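Here's a set of short exercises to help you find your way around a new structure. Have a go at each task before you read the solution below it.

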Amino acid sequence: SSLSSDLQLSLSFRCMIVACGDPKAKPSYLIDKNLESAVKFIVRKFPAVETRNNNQQLAQLQKEKSEILKNLALYYFTFVDVMEFKVKYYKYVSCSTVNFDLTKNYLDLIITYTTLMILLSRIEERKAIIGLYNYAHEMTHGASDREYPRLGQMIVDYENPLKKMMEEFVPHSKSLSDALISLQMVYPRRNLSADQWRNAQLLSLISAPSTMLNPAQSDTMPCEYLSLDAMEKWIIFGFILCHGILNSDATALNLWKLALQSSSCLALFRDEVFHIHKAAEDLFVNIRGYNKRINDIRECKEAAVSHAGSMHRERRKFLRSALKELATVLSDQPGLLGPKALFVFMALSFARDEIIWLLRHADNMPKKSADDFIDKHIAELIFYMEELRAHVRKYGPVMQRYYVQYLSGFDAVVLNELVQNLSVCPEDESIIMSSFVNTMTSLSVKQVEDGEVFDFRGMRLDWFRLQAYTSVSKASLSLADHRELGKMMNTIIFHTKMVDSLVEMLVETSDLSIFCFYSRAFEKMFQQCLELPSQSRYSIAFPLLCTHFMSCTHELCPEERHHIGDRSLSLCNMFLDEMAKQARNLITDICTEQCTLSDQLLPKHCAKTISQAVNKKSKKQTGKKGEPEREKPGVESMRKNRLVVTNLDKLHTALSELCFSINYVPNMVVWEHTFTPREYLTSHLEIRFTKSIVGMTMYNQATQEIAKPSELLTSVRAYMTVLQSIENYVQIDITRVFNNVLLQQTQHLDSHGEPTITSLYTNWYLETLLRQVSNGHIAYFPAMKAFVNLPTENELTFNAEEYSDISEMRALSELLGPYGMKFLSESLMWHISSQVAELKKLVVENVEVLTQMRTSFDKPDQMAALFKRLSCGVLKRMTIIGVILSFRSLAQEDSKTVLLHVYTKTIQCCRLCNYLSSGPQVAMNVYELSSAAGLPCEIDPALVVALSSQKSENISPEEEYKIACLLMVFVAVSLPTLASNVMSQYSPAIEGHCNNIHCLAKAINQIAAALFTIHKGSIEDRLKEFLALASSSLLKIGQETDKTTTRNRESVYLLLDMVSFYSRLRHSTRAFWVSPCVLQLINQWK
């Protein structure tokens, strides 16, 4: 039996490869132009072999004979194996109505033989392959292959295989018809309508609560979960082969007609189908006296077309509710799997048969009844099948414990009584039945608790042998006369399978690996499932089905294992990916809705509401129709009717359904590969969250527009709130998603090489805001701690204050985080270093003049003459540096405020270290730590690092130090020129100058500290020198008589005070080095 099944599987597969395989994989000799004439000749003469007088046609064949023998051997010997199968297994086996195993195997053997011969006849190239091989064999060895005569005759005889087999089976009609008629009680009971199932409360555990703990019993236990598809094959093919019984036995005719009305086609092997009505009509049309049978076939065909689809649709509808109830009860009370195991396998078998029927008929039925063959709820049925399978796998030990006790405590006792009551019992049969009783009696629950592996295959094989002994004619012990013994043994065999063969039983009753060969229909069902929100919760059934695919492989067909394995992996991956994408899209839509709602709460939207409230009374008095009152945020949450469903409600419902599916199993194993559905969702959420954050910046490179940091932060928080709520649906670590995405956003580029919000905002602040500051369109107002637009002819497209005030900079710090702010700082430092490089070039150009001015600051006339020789531009660049440093100070201060909420103790430690630090190297390390925390430092470590990279190999350290000193001289002697600028007017309201020269103070001190830290010079000495030179130069302004030159003299004096205030010098030291006259003028102005 097992050997027959294995061999049939192997031969069927190999025949399918030849008949229906990929055309590219077929032998190239069949389409070779050079062999075309030889192939036509061989097919025309088949099976005769004529090598003489045909040298011209077979010349090319002579050249390639060795390659043909090598490459066609597999195909040729496949046909030989089919012939051997026919010869070996075409035997008569008697059967009995109570002899289940022999009857089933006998009928399976008949159908195996029939389907194999039909598949063989569908191989169009069979004559060409066999003939080519034999001709090549004869040319090589001088004689035909020894199997060729019989093989060639078989091919000719079975051109019409059913017709030939009808003739062959005439002697065996009696045994075959008896076996088929034994289905008269089983098949009609299985082929009932959904209403009849419903009235009988089939598969219901709760219909009779009082009997819920009673074991499910039947006189025909193995028949209860027997495949309906297999029975229909037995009946239709069997009665075609012994068609004479249809005219003489009404029972046989009724069985045959019932099967013909249920289906339009049968599966030969996998997705290869056989259209039964047309084939049967073609066979009977040439038989005299079969007009009634032909009319029966036509009536059955019409009934199948008209009613079969709706009948099976209603069955699937019933099974959905029945399996749901069964799965729900068993999940709550898994102990019922013991007594009600039969119900579980019946439910699986019934559902499997209906799903396979739909799959087979969907592409093979008339279009007019197509609606009955499109089931958008098929996923639900498959899901409940998978749930029952999972219960059986999970609670297998519970079932083992129950049936071990059942076998030892009840079955063994009853069987022993039956054996004792036998009037006649030969010795061999007695030994076998005694061994059954002994085997069952020796069982104990402790074996289950110890995890012992049970194996009852030997016992089942002995029962098979016993059936054979007692079924032959003239047997001393006839099984037909002891029906109770047969029924009891069939029940016992079922109970043994519940102990040692649960996995095999699941494959037998619920294997859906057929979907592997209906890929297009499989994918279509999946798409329909996702499109219907109520069915999306069952979409996990499709990836779970991919775990079935490897069960259709066999060790005798190793060549298909990789092909089917790859298909199962690709389909499973595709299904899980699509599910995750669908969930991601729903989450994105919810996030969009929530971001819109959050946007309504922004302060900018309250202006209209306030305006309407203020003007509401006056508008009524004027009698003019005012603007419609704006809806306040939160109106969307007010419900007057529970039936009102918003778009957000629909999205949440759809998401919860789909997430149920994604969260249904933690992982699944497909062909030794583990898939984790939740990881698919996590991956897609990370990608979408990344794109959404960047998209919400609304950065436009053409117009240089970008979202305000505070608005982006609000949107990101709304997005994150939605993502956090996903944890209520799916067991995923959303914190990991946040960490992965937000940390990437603090870098210049993300893991995919795409720009992040850090790079976008850094680029915008540097290239847009600060560039407009340099152009004189924006000024830094220290009093407001923000950059503000200045009135100009060409107004800017953005308001600088809305992007640089305290709230915006804090939002920016929170978005970019410490790493992002560090990148922003480094970018700012890079721009400063480029400005310093240009300043050094100016110093080098004027090095001689500056050297003289450095030593002649007490000689006004000489200083005036030397100053005229200097080139301009140093103060503009220093102002740019000051503006950049001021912006950085803003960013650092707000970064400190943000970090202080999270790292309070860490910030306090940094402050303490900053205060207690000693030694230059230690101080620089402490400054770097403090700067990262947003604390101000006397020496900016980032600036030191940026300027250190400018050291030139061609210039000695002494020369670099001299250039640094002269740069300070250059700035000091250039300060008086600021007095003539109209924009240098100091404004107490803003605590600065409109041309940003107040930023020079910070620039001078920070640049001096950085440069002289690098060159290991004395910062205080250089600042003293700077103040001396600056105050000396400013004294000249008082001697000027030109009012244009001195219009803003006092404002420049205040600038010098700012420089001294920001410096490292003590007040007394500043007073010593700044000219007393200048100090007096500064104090007067203050």
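**Exercise 1: Under cover**

Take helix H9 and work out which elements are among those that cover its buried residues.

*Solution.* Let's start with the cover itself: it includes helix H5 (100-121), H13, helix H14 (245-248) and helix H15 (250-262). Next, see what is being covered. H9 spans residues 173-181, and its buried residues are Ser175, Leu176, Ser177, Ala179, Leu180 and Ile181. Keep in mind that you're looking at a predicted model.

**Exercise 2: The big picture**

Step back and describe the whole protein by its secondary structure, its burial and its contacts.

*Solution.* First, the elements: the protein has 48 helices and 8 strands. Second, burial: 52% of its 1086 residues count as buried. Third, look at contacts between residues at least 6 apart in sequence; of these, 78% link residues at least 24 apart.

**Exercise 3: A hole inside**

Find the largest cavity and say what lines it.

*Solution.* Begin with the count, which is 4 cavities of 30 Å³ or more. The largest cavity holds about 60 Å³ of space. Now go round its wall: you'll meet Leu228, Asp229, Glu232, His312, Asp353, Glu354, Trp357 and Arg360. Sort them by class and you get 5 charged, 2 nonpolar and 1 polar residue.

Then ask where the wall comes from. Helix H13 (228-241) and helix H18 (341-361) each give at least two lining residues. The largest share belongs to H18, with 4 residues.

**Exercise 4: Stacked or tilted?**

The structure has 41 aromatic pairs. Classify the pair of Trp357 and Phe373, then do likewise for Tyr780 and Phe787.

*Solution.* You need two values, because a pair of aromatic rings is described by the distance of the centres and the angle of the planes. For Trp357 and Phe373, the centres are 5.6 Å apart and the planes are at 20°, so this pair is stacked. Trp357 sits in helix H18 while Phe373 is in the loop between H18 and helix H19 (378-394), so the pair ties together parts 16 residues apart in sequence. Both partners are tucked away: Trp357 is buried at 3% relative accessibility, and Phe373 is buried at 7%.

On to the second pair. Tyr780 and Phe787 are 5.1 Å apart centre to centre with 45° between the planes, which makes them tilted. Tyr780 and Phe787 are buried as well. They also belong to one aromatic cluster, along with Tyr761, Trp764, Tyr765, Phe798, Tyr803 and Phe887.

**Exercise 5: Charges over rings**

Which ring does Lys340 lie over, and which ring has the charged end of Arg537 over it?

*Solution.* Take the lysine to begin with: Lys340 lies over the face of Phe343, at 5.4 Å from the ring centre. Now the arginine: the charged end of Arg537 is placed over the ring of Phe660, 3.9 Å from the centre.

**Exercise 6: A glutamine in a helix**

Is Gln528 buried or exposed, and what does Gln528 touch?

*Solution.* Place it to start with: Gln528 is in helix H26 (residues 519-531). Its relative accessibility is 14%, and the limit for buried is under 20%, so Gln528 counts as buried. Leaving out residues up to four places away in sequence, Gln528 touches Ile374, Asp375 and Lys376.

**Exercise 7: Backbone oddities**

Look at three spots in loops: the bond that joins Phe46 and Pro47, then Leu203, then Gln704. What do you find at each of them?

*Solution.* Go one at a time.

- Phe46 and Pro47 are joined by a cis peptide bond, with omega about 5°. Pro47 is in the loop between helix H2 (36-45) and helix H3 (59-63).
- Leu203 isn't a glycine, yet its phi is positive, near 70°. You'll find Leu203 in the loop between helix H11 (194-199) and helix H12 (221-224). At 4% relative accessibility, Leu203 is buried.
- Gln704 isn't a glycine either, and its phi is positive at about 55°. Gln704 belongs to the loop between helix H31 (677-696) and helix H32 (709-725). With 22% relative accessibility, Gln704 counts as partly exposed.

Terms used: Residues numbered from 1 in each chain as written. Predicted model: local features only at pLDDT ≥ 70, side-chain atom pairs only at ≥ 80, totals over all residues. Heavy atoms only, no water. 1 Å grid on protein atoms, 1.4 Å probe; cavity = no way out; pocket = protein on both sides within 12 Å on 5 of 7 lines; lining within 4 Å. Points joined across faces, edges and corners; volume = space filled by probe spheres on them. Nonpolar A, V, L, I, M, F, W, Y, C, P; charged D, E, K, R; others polar. Phe/Tyr/Trp six-rings, centres within 6.5 Å; stacked < 30°, edge-to-face > 60°. Buried < 20%, exposed > 50% of the residue type's maximum accessible area, 1.4 Å probe, protein only. Lys NZ or Arg CZ within 6 Å of the ring centre and 35° of its normal. Contact = heavy atoms within 4.5 Å.
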